Amino acid sequence: MSARRLAKDQPDSFALSAASKKEIAVWIKKYPKGRQASALIPVLWIVQKQAGGWLPAPALEAVAAHLDMPYIRVYEVVTFYTMFNMAPVGEHHVQLCGTTPCWLRGAGDLKKVCESKIGPKGSVSADGKFSWIEVECLGACANAPMVQISNAAGDDYYEDLDVENFGALLDDLAAGRKVSAGPQNKRHTSEPITGAATLNAKGMYNKIKKKKLPNTGKVKS
Ligand code: FES
């Protein structure tokens, strides 16, 4: 992974919105009094969403002040996790997994798709629609190779990719067409492509007895 630094062009200021402050308060409440800094990661995530998908330096300063912690501690966390963007991103931000299982299953070819359709790694496409970076394992190795795409609709995984279906996925997003998250080769979740091979004997769930919970009358499976 390359070094992660603050973007050259920065806004002059940043202020937490009322909505962000309300969400942040929920997270701070989860920790003992005086330990508000423990909420740093979810707070950064909330602020990144408010700032349009990346974390400018004044936003990091605002977070440090709000959580009453040193700026350097905030900076350390932001530079460590690739889920935090340190420069502006496109409308659809692609995180391409390049770790061994995805690499062995064709992530290198997907990189070429990103380069040809979006541009160099870490850049935003000319129309502002896309950006992409390479990240480490995103925990969906059974469906390798895969990417996570963040946009206004959410932060979804797209799995079982190849050059054709990944290229088509990016084209659909560019054209504003509806896309489906998850496996792109029609398999169900992480099952074998030919369908589930275990725990699927006919009637195997029929014998589970329903019991009444004491004093409630409610039924427990
Ligand atoms: S190696 Fe790509 S998701 Fe794990």
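Student: Is Thr189 buried or exposed, and how many other C-beta atoms lie within 10 Å?

Tutor: Keep in mind first that this is a predicted model. A residue counts as exposed if 12 or fewer other C-beta atoms lie within 10 Å of its own. Thr189 has 10 such neighbours within 10 Å, and it is therefore exposed. Thr189 sits in the loop between β5 (182–183) and β6 (211–212), and its phi is positive, about 40°, although Thr189 is not a glycine.

Student: Which other residue in the loop between β5 and β6 should I look at?

Tutor: Look at Leu199, which is placed in the loop between β5 and β6. Leu199 has a positive phi near 55° and is likewise a residue other than glycine. With 7 other C-beta atoms within 10 Å, Leu199 is exposed.

Student: Which residues of helix α2 are buried?

Tutor: Burial is the opposite case, and it needs 20 or more other C-beta atoms within 10 Å. In α2, which covers residues 40–50, the buried residues are Val43, Leu44, Ile46, Val47 and Gln48. These buried residues pack against α1 (18–28), α3 (57–66) and α4 (71–80). After α2 comes Gly52, whose phi is positive, near 90°.

Student: At what angle do α1 and α2 pack, and how should I describe their directions?

Tutor: The angle compares the N-to-C directions of the two helices, and a value over 145 degrees counts as roughly antiparallel. The axes of α1 and α2 are 9 Å apart and the helices pack at about 165°, which means that α1 is roughly antiparallel to α2. Their crossing is right-handed. On the α1 side the contact involves Ser20, Glu23, Ile24 and Trp27, and these meet Pro42, Val43, Ile46, Val47 and Gln50 of α2. Sorted by class, the contact has 6 nonpolar, 2 polar and 1 charged residues.

Student: What is the crossing angle of α5 and α6?

Tutor: Here the cut-off to remember is that angles under 35 degrees count as roughly parallel. Helix α5 (residues 100–117) and helix α6 (residues 163–174) have axes that come within 10 Å and cross at roughly 30°, so α5 is roughly parallel to α6. The crossing of α5 and α6 is right-handed. From α5 the contact takes Asp109, Leu110, Val113 and Lys117, and from α6 it takes Val163, Phe166, Gly167 and Leu170. In this contact 5 residues are nonpolar, 1 is polar and 2 are charged.

Student: In what order do the strands of the sheet stand, and which are the edge strands?

Tutor: To read a sheet, follow the strands from neighbour to neighbour across it. In this open sheet 5 strands stand in the order β2-β1-β3-β4-β5, and the pairing is mixed. The edge strands are β2 and β5, each of which pairs on one side only. Strand β1 (residues 92–97) runs parallel to β2 and is joined to it by 6 bridges; within this pair, His92 has Phe130 in β2 as its bridge partner. Helix α5 packs on the sheet and touches β1 and β2, and its direction makes about 145° with that of β1.

Student: Which two residues does the cis peptide bond join, and where is Pro145 found?

Tutor: For a peptide bond, the angle to read is omega. The cis peptide bond joins Ala144 and Pro145, with omega about 0°. Pro145 is found in the loop between β2 (130–135) and β3 (147–151).

Terms used. Residues are numbered from 1 along each chain as its sequence is written. This is a predicted model: local features need pLDDT of at least 70, side-chain atom pairs count only at pLDDT 80 or more; totals for chains, interfaces and linings use all residues. Axes are lines fitted to C-alpha atoms, for helices over the stretch in contact, and angles run from 0 to 180 degrees between N-to-C directions. Helices (H or I, at least four residues) and strands (E, at least two) are DSSP runs, numbered from the N terminus. Angles under 35 degrees count as roughly parallel, over 145 as roughly antiparallel, 65 to 115 as roughly perpendicular and the rest as oblique. A crossing is left-handed if the near helix is turned anticlockwise from the far one by less than a right angle, and right-handed if clockwise. Two residues are in contact if their C-beta atoms, placed from the backbone, lie within 7 Å. Ala, Val, Leu, Ile, Met, Phe, Trp, Tyr, Cys and Pro count as nonpolar, Asp, Glu, Lys and Arg as charged, and the others, Gly among them, as polar. Two strands pair if DSSP finds at least two bridges between them.
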